[in-house]
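Subject: Structure for you to look at

Hello,

Here is the structure I said I would pass on. Please open it alongside the notes that follow.

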Amino acid sequence: MNYYFAPLEGITGYVFRNAFHSAIHSKIDKYFSPFISPGVNQPLTPKELRDIHPDNNKGMYLVPQILANNPDDFLLAAEHIKELGYKEINLNLGCPSGTVVSKRKGSGMLGEPLIMERMLDKIYSTLDIKVSVKTRIGKDSPEEFPDLLRIFNKFPIEELIIHPRIRTDFYKNNVNMEMFDLAYRESKNPLCYNGDIVNKENAELIKSNYPNVKAIMIGRGFLHNPML
């Protein structure tokens, strides 16, 4: 099983990552950066560039994450990230923040499946580096997920990282394992589980119930207990 550290905006920047990696968990397989939000003619701000610059992330596998609602912005940022030497980028389709969703970004994009599909099509037909996707199971209802999964199955996603809640759950309510079961049965892409891993028993349950899932992403669990 691989273990990933989830991106947490305003917390898991490069200073935190370096401290955590060197002092506590040098065996974390992947770290994901807090999202980069490209704008017109500005693919990365100086702060975002500093956070993902290889000089500030030595000795760890970092996956820069991009938050975008159109493929051109994503591709512009991705090309700059590629020039830094990165081989993998993550698309954020999971952020539930109101300010993000109102711009049709993050989990807001899940409510626009046709636009999302067109964006994925251009991304995967253009880029020659790995692109993973971090998603929720819907914007307003878990019933959205079967259609979303059919869209995801059309593309060569490096890893589909699923947080089995809808946008309006934020981080409350129980995770919807019925929808994760569906993904486990029908996803054509490798899966990573994310959500409510706060102790060893939670991780062991995922490992035993989903033996073909090779990665677990943990965020708040590490903040509550860095020794997890």
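**Gln 65 and its surroundings**

Gln 65 has a relative accessibility of 2%, so Gln 65 counts as buried (buried means under 20% relative accessible area, exposed over 50%, partly exposed in between, with a 1.4 Å probe and protein chains only). Before going on: this is a predicted model, in which local features need pLDDT of at least 70 and side-chain atom pairs count only at pLDDT 80 or more, while totals for chains, interfaces and linings use all residues. Residues are numbered from 1 along each chain as its sequence is written, and side-chain values use heavy atoms, with hydrogens and water left out.

Gln 65 belongs to strand β4. Helices (H or I, at least four residues) and strands (E, at least two) are DSSP runs, numbered from the N terminus. The side chain of Gln 65 makes a polar contact of 2.9 Å with the side chain of Asn 92. A polar contact is a pair of N or O atoms within 3.5 Å; within protein, one must be able to donate a hydrogen and the other to accept it, and residues adjacent in sequence count only if both atoms are side-chain atoms. Leaving aside residues up to four places away in sequence, Gln 65 touches Pro 7, Ser 33, Pro 34, Phe 35, Ile 36, Asn 90, Asn 92 and Lys 134 (contact means heavy atoms within 4.5 Å).

**The sheet**

β4 is part of an open sheet of 9 strands, in the order β3-β2-β1-β9-β8-β7-β6-β5-β4, with parallel pairing. β3 (62-63) and β4 are at the edges with a single partner strand each, so each has one side without a neighbour in the sheet. Two strands pair if DSSP finds at least two bridges between them.

Starting from the β4 edge, the pairs are these:

- β4 and β5 are parallel and share 2 bridges; Gln 65 is opposite Asn 90 in β5.
- β5 and β6 are parallel, over 6 bridges. Leu 91 has Val 133 in β6 as its bridge partner, and Asn 92 is opposite Lys 134 in β6.
- β6 and β7 are parallel, over 4 bridges; Thr 135 has Ile 162 in β7 as its bridge partner.
- β8 and β9 are parallel, over 3 bridges; Asn 194 is opposite Met 217 in β9.
- β1 (residues 2-5) and β9 (residues 215-218) are parallel and joined by 4 bridges. Asn 2 is opposite Ala 215 in β9, and Tyr 4 is opposite Met 217 in β9.

**Which strands are buried**

In a regular strand, side chains alternate between the two faces of the sheet. In β5, 6 of the 6 residues are buried, so the strand is largely enclosed by the rest of the structure. Both of its faces are covered: Glu 88, Asn 90 and Asn 92 are buried on one side, and Ile 89, Leu 91 and Leu 93 on the other. In β6, 6 of the 7 residues are buried, so β6 is also largely enclosed by the rest of the structure. β9 is covered on both faces, with Ala 215 and Met 217 buried on one side and Ile 216 and Ile 218 on the other.

**Helix α3 and the crossovers**

Helix α3 (residues 71-83) has 13 residues and spans 18 Å from its first C-alpha to its last. That is close to the expected 18 Å, which is 1.5 Å times one less than the number of residues. At the N-terminal end Asn 70 acts as a cap, with a side-chain oxygen 3.1 Å from the backbone nitrogen of Asp 72. After α3 comes Gly 85, with a positive phi near 105°.

Which residues of α3 are buried? They are Pro 71, Asp 73, Phe 74, Leu 75, Ala 77, Ala 78 and Ile 81. Their cover includes α2 (46-52), β4 (65-66), β5 (88-93), α5 (113-126) and β6 (130-136).

α3 also links two strands: β4, α3 and β5 make a right-handed β-α-β unit. A crossover is right-handed if, with the strands pointing away from the viewer, the path from the first strand over the helix to the second runs clockwise. Right-handed β-α-β units are also made by β6, helix α6 (residues 145-152) and β7, and by β8, helix α8 (residues 200-209) and β9.

Regards
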